[in-house]
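Thanks for making time this morning. I would like to walk you through how the copies in this model meet, and then through one helix packing.

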2 protein chains.
Amino acid sequence: MRISELAGAAGVPVATVKYYLRDGLLPPGQATSATQASYDQSHLRRLRLIRSLVEVGGLPLAKVRQVLAAVDDPDPDPYEAVGAALAALPPYVRTEPPFTRASAALDAIGLAYEPDAVAVAQLDAALAGLEAAGRPLDVDALRRYADDVVGLARREVASIRHSRTRQPQQVADVVQDVVLGTVLLEPIILALRRLTHAALFREREERGGDGQKPAANR
Amino acid sequence: MRISELAGAAGVPVATVKYYLRDGLLPPGQATSATQASYDQSHLRRLRLIRSLVEVGGLPLAKVRQVLAAVDDPDPDPYEAVGAALAALPPYVRTEPPFTRASAALDAIGLAYEPDAVAVAQLDAALAGLEAAGRPLDVDALRRYADDVVGLARREVASIRHSRTRQPQQVADVVQDVVLGTVLLEPIILALRRLTHAALFREREERGGDGQKPAANR
């Protein structure tokens, strides 16, 4: 397809596609004349990944580049390759290891982890934030959250392709699946949580308000 | 307490406290001399709220001001007051109503909502992002996420104080509870999800790799 068709299929301006091409985020198409090139499904897929990272994930281009490097030249071990890509995703926390709060909490709830994983740093920063706000999260409360999350996470991992052969292309597909599943589904989960809060809160305030009015009336 | 004690208790530099005082984010203390003032627990609580919003939530000060306005001068209806505060929290999406994707999805899964709530806009943007990435989320998948979230949300709402009397101070307490529960607990949930993914993924890759090595060995 031509550059205008590629841009149209991804829903972005042609100027944006040209910018990504100049910047090397998007590989060049197959030249068909001195001024034209042809693009294929791999370009469309890459363009959609970049847009998800920028528009939904809010990643700066330097971090997008880091994710793409992990997709293009993946570690042969899918676990390591996925870890390298996820390390470029927000939230960006400034804490340094050792992540003693998070390690102690994860040990207590019995969840296996890599001590220097970015998600451990993120958990550590979040636990520190709760402490600083005067609302430390105890192990039982954290365990309840972990229990809530495990069913959802199990279903999600089951939906990711399994790269039995560890060929770079297959590992790259897995990395891209996980990155998109992280960037695109986290906002879904959080929006549903906020909406469920609102629905339950409204229901409770109305019940509490006069003890009569059922939530279904509003 | 003195300004240095207030800063120490909240774990922030004195210069930051002075900046918040000048900027009106933090109300002035009780003057004890021409150059000194005394601060109390309400200042410490306010300072901790600001730090949570800035450091964990990543809010710009204009949005912090919006949250504080909803805490200081709450709508008499706690539901409306909470909504006004949550409207200032990220993610900031640019979509405009009507939020047709989100409305259709929420109607299909049977979750009650206010059509113009910010969380509906956030859900709409997230669903649009999945579509743009070529991975639309169907109603069944969304319902499974909603089912996963409801248990957690129910427990959280039960933990929020109930403002039966609708006195401004009590509504303000509820608003602050909900804001902190949103800003501080969302990163906990997401970090646990990523860590659980990693643990399950590692387990699966190892089982799939040679069919022998148990996950517990790594």
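The copies meet through the same surface, because 100% of the interface residues of chain B are also interface residues in chain A, where contact means C-beta atoms, placed from the backbone, within 7 Å. Please keep in mind that this is a predicted model, in which local features need pLDDT of at least 70 and side-chain atom pairs count only at pLDDT 80 or more, while totals for chains, interfaces and linings use all residues. Residues are numbered from 1 along each chain as its sequence is written, and chains are lettered from A and ligands numbered from 1 in the order in which they are written.

The contact takes 64 residues from chain B and 64 residues from chain A. On the side of chain B that touches chain A, the largest share, 23 residues, comes from H9(B), helices being DSSP runs of H or I with at least four residues, numbered from the N terminus.

As for symmetry, a rotation of 180° with 0.0 Å of shift along its axis superposes chain B on chain A, with an RMSD of 0.0 Å, the fit being by least squares on C-alpha atoms of residues with pLDDT of at least 70 in both copies. The two copies are thus related as by a two-fold rotation axis. Of the residues of chain B, B:Asp148 comes closest to that axis, with its C-alpha at 3.4 Å.

Turning to the packing within chain A, helix H6 (residues 100-109) and helix H8 (residues 139-159) pack at an angle of about 70°, their axes 10 Å apart.

Notes. Axes are lines fitted to C-alpha atoms, for helices over the stretch in contact, and angles run from 0 to 180 degrees between N-to-C directions. Helices (H or I, at least four residues) and strands (E, at least two) are DSSP runs, numbered from the N terminus. Two residues are in contact if their C-beta atoms, placed from the backbone, lie within 7 Å.
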